[in-house]
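Colleague: Please take a close look at the salt bridges in this model, and at any network they may form. Say where the partners sit and how well they are covered, then place the result against the rest of the chain.

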Amino acid sequence: FGPLVMVGAFMLLLTRGLAGAPDLGALYAVPLAIAAIALPAAAFGWAMSSGIYRRLEGRPLAAMIAAIGLAIAIAEAVRLLQGPQTQWLPFRPDAILQLGSVDGFAVVASLRHLAIGAATALLAAGLYLVGRHTRRGRAFRASVEDGRMAALLGVDGPRLIAGVFALGGLLAGLAGAFAAWHYGPVDFRMGMPLGFKALTAAVVGGLGSVPGAFLGGIAVAVVEIAAAAAIGGAWRDVIVFGLLAAMLVLRPRGIAGARE
């Protein structure tokens, strides 16, 4: 899913170029960008599940190797199609809001921060409601808890998992677009670090728990910011992936992971 983050960022770049929109504030650019980002990413997520992972069910090592190979293939394809150089979205100054101060340091947020936070909160709420209050969401949770029993009760596991991969691809593509919109630079390498940090968030929060994944993501962000403030930004990846190793040793089920 890391390379799908990168693909989402490039789709935003290409969509803005095709639409000729100076900013995402243009009304016609917003739905065009969302459709151009979400639909290909969701389709690719579905194709990954149906074409590769379904055939490797029960072989986790083979699936992991396939995932690594596929990630490298996507990144290299984008490098050949778009070039190795970093591309930039047109930058426009954003309004800065000062929220307060801590120990003499100002705490600020831009309008982009607030927009991305609001969009993330809406996606999280929608995902939670679908998972808790729809038949498909209950089927997904049952399959995670006990796939064989869910299959005996009529849940179509492969079709359900393909749908989850499509949803994961869609969310990954939107995450890449948000990252590009906020930071500006886009290149073929940007997906891998984010993909590994997403894996770290899932492990820290608890594999198989959707609330745990969100909690793990916030935990990774807090650790990154604290490490950058305390010892410098160059050390934040060392701290984050050290946290991953520590969680695997000390609490392999994660923060929200259930006991067997």
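Modeller: A residue is called buried here when its relative accessible area is under 20%, exposed when that value is over 50%, and partly exposed in between. Please keep in mind that the model is predicted.

Side chains of opposite charge can pair when their charged atoms come close. A search of the whole structure for such pairs returns three salt bridges. The part to look at closely is the network of salt bridges that links Lys197, Glu224 and Asp237.

Start with Glu224 and Lys197. Their salt bridge has its closest N and O atoms 2.6 Å apart. The pair links distant parts of the chain: Glu224 belongs to helix 9, which covers residues 210–231, while Lys197 belongs to helix 8, residues 191–205, and 27 residues separate them. Both partners, Glu224 and Lys197, are buried. For Lys197 the relative accessibility is 15%, and since the limit for buried is under 20%, Lys197 counts as buried.

Lys197 also forms a salt bridge with Asp237, and here the closest N and O atoms are 3.0 Å apart. Asp237 lies in helix 10 (residues 236–250) and Lys197 in helix 8, so this pair ties together parts that are 40 residues apart in sequence. How is Asp237 classed, buried or exposed, or in between? Asp237 has a relative accessible area of 33%, so it is partly exposed. The network therefore joins a buried Lys197 to a buried Glu224 and to a partly exposed Asp237.

The remaining bridge is set within a single helix. The side chains of Arg79 and Glu76 meet at 2.8 Å, N to O. Both residues lie in helix 3 (residues 60–82), three residues apart, which is about one turn of the helix. Arg79 has a relative accessibility of 27% and so counts as partly exposed. Glu76, at 31%, is also classed as partly exposed.

Helix 3 has other features to note. Ile74, also in helix 3, counts as buried because its relative accessibility is 13%. The C-alpha atoms of Ile74 and Met6 are 9.3 Å apart in space, although their positions lie 68 residues apart in sequence. A nonpolar patch on the surface is formed by Leu61, Met64, Ile65, Ile68 and Ile72, with about 500 Å² of accessible area together. One of these residues, Leu61, is placed in helix 3. Leu61 has a relative accessible area of 56%, so it is exposed.

Charge also gathers elsewhere on the surface. Arg132, Arg135, Arg138 and Arg141 form a positive surface patch. Which element gives the most to this patch? It is helix 5, residues 135–145, with three residues. Arg138 is placed in helix 5, and its relative accessibility of 44% means that it counts as partly exposed.

Contacts across the chain are made by aromatic rings as well. The whole structure holds two aromatic pairs. In one of them, the rings of Phe1 and Phe165 have centres 5.7 Å apart and planes at 35°, so the pair is tilted. Phe1 is in the segment before helix 1 (2–19) and Phe165 is in helix 7 (residues 157–183), so to speak distant parts of the chain, 164 residues apart. Phe1 is partly exposed, at 44% relative accessible area, whereas Phe165, at 19%, counts as buried. Together with Tyr53, Phe1 and Phe165 form one aromatic cluster.

A further approach between distant positions involves Ala47 and Ala166, which are 119 residues apart along the chain, with C-alpha atoms separated by 8.1 Å. Ala47 lies in helix 2 (residues 29–51) and is partly exposed, with a relative accessible area of 37%.

To return to the request: the network has Lys197, Glu224 and Asp237 as its members. Lys197 is bridged to Glu224 at 2.6 Å and to Asp237 at 3.0 Å.

Technical notes: Residues numbered from 1 in each chain as written. Predicted model: local features only at pLDDT ≥ 70, side-chain atom pairs only at ≥ 80, totals over all residues. Heavy atoms only, no water. Patch = residues over 30% accessible without salt bridge, like charges linked within 9 Å, V, L, I, M, F, W, Y side chains within 5 Å. Areas by Shrake-Rupley, 256 points an atom, 1.4 Å probe, with all protein chains shown as cover. Salt bridge = Lys/Arg side-chain N within 4 Å of Asp/Glu carboxyl O. Lys, Arg positive; Asp, Glu negative; His and termini not counted. Charge placed at Lys NZ, Arg CZ, Asp CG, Glu CD. Helix = DSSP H or I, 4+ residues; strand = E, 2+ residues; numbered from the N terminus. Buried < 20%, exposed > 50% of the residue type's maximum accessible area, 1.4 Å probe, protein only. Phe/Tyr/Trp six-rings, centres within 6.5 Å; stacked < 30°, edge-to-face > 60°.
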